[in-house]
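Colleague: I'd like to learn how to read the sheet and helices in a model like this one. Could you walk me through them?

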Amino acid sequence: MASSGENSAETHDEAAIKSHIEELLAAQLPNSAIYNFLLADARIVSASRGSVTARLTLTRNHMNSGGGIHGAASAAIVDWAGGMAIASWDLRRRTGVSADIHVSYLSSAVEGDEIEIAAFADKVGGSLAFTRVVISKVVGGEAGPVIANGSHTKFVKQRS
């Protein structure tokens, strides 16, 4: 069963949800060295209940020694984006801790490429949340070839 809080996103419009996600990102960056290193230039494009889309231009910080997006950068993006999808579910600020994360690498991107990060909360329950993330290269202003697919399970039970 989906979590229902007093701040349920079901009662908020997309602009309010997007604003919440932007505020959460801004609050996370100074408190997380890895997110600040990788996501300082991330832009939230849209957000609705259980769904967040962001864009990011890749920099040297995201690259491996071969000049392509590093697998660890992709995994960190899946981690972050899954949390944002959970936050969009009911406007929570705490998005839980990782229980399981999987990333499948399908293609690559290079420095200067823009990527689109589409994250979806498939279920947010009382203890666990299940998310999916698709990282795509932006081509002609639209999401193009998929770079990586991720799934992320988080323990979200709130302390009493």
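Modeller: Let's begin with pairing: two strands pair if DSSP finds at least two bridges between them. Strands (E, at least two residues) and helices (H or I, at least four residues) are DSSP runs, numbered from the N terminus. One caution: this is a predicted model, where local features need pLDDT of at least 70 and side-chain atom pairs count only at pLDDT 80 or more, while totals for chains, interfaces and linings use all residues. Residues are numbered from 1 along each chain as its sequence is written, and side-chain values use heavy atoms, with hydrogens and water left out.

Colleague: Fine. How many bridges join β4 to β5?

Modeller: In general, strands of a sheet pair through backbone hydrogen bonds, either parallel or antiparallel. Here β4 (residues 114–124) and β5 (residues 128–139) run antiparallel and are joined by nine bridges. Look for Ile 117 opposite Ile 135, and for Ile 115 with its bridge partner Lys 137. Three residues lie between the two strands of this hairpin.

Colleague: And what joins β5 to β6?

Modeller: 11 bridges, again with the strands antiparallel. Thr 131 faces His 152, and Ala 129 is bridged to Lys 154. That hairpin has two residues between its strands, and Gly 140 takes a positive phi near 60 degrees there. On β6 there is also β3, running antiparallel to it with eight bridges; Asp 100 stands opposite Thr 153 in that pair.

Colleague: In what order do the strands sit in the whole sheet?

Modeller: Read across, the order is β1-β2-β4-β5-β6-β3, an open sheet of six strands with antiparallel pairing. β1 (43–48) and β3 (97–105) are at the edges with a single partner strand each, so one side of each has no neighbour in the sheet. From one strand to the next, the twist averages 20 degrees.

Colleague: How do I read the helices against that sheet?

Modeller: Use contacts (heavy atoms within 4.5 Å) and axes, which are lines fitted to C-alpha atoms, for helices over the stretch in contact; angles run from 0 to 180 degrees between N-to-C directions. Helix α1 (residues 14–28) packs on the sheet, touching β1 and β2 (51–57), and its direction makes about 135 degrees with that of β1. Helix α3 (residues 71–90) lies across β1, β2, β3, β4, β5 and β6 (142–155), at about 50 degrees to β4.

Colleague: How many residues of α3 are buried?

Modeller: Buried means under 20% relative accessible area, with a 1.4 Å probe and protein chains only. By that cut-off, 16 of the 20 residues in α3 are buried, so to speak mostly covered. Just after α3 comes Leu 91, with a positive phi near 60 degrees.

Colleague: At what angle do α1 and α3 pack?

Modeller: Two packed helices are described by the angle between their axes and the distance between the axes. For α1 and α3, the angle is about 135 degrees and the axes are 10 Å apart. Angles under 35 degrees count as roughly parallel, over 145 as roughly antiparallel, 65 to 115 as roughly perpendicular and the rest as oblique, so α1 and α3 are oblique to each other. Where they meet, the α1 residues include Ile 17, Ile 21 and Leu 24, and the α3 residues include Trp 80 and Met 84.

Methods. Buried means under 20% relative accessible area, exposed over 50%, partly exposed in between (1.4 Å probe, protein chains only).
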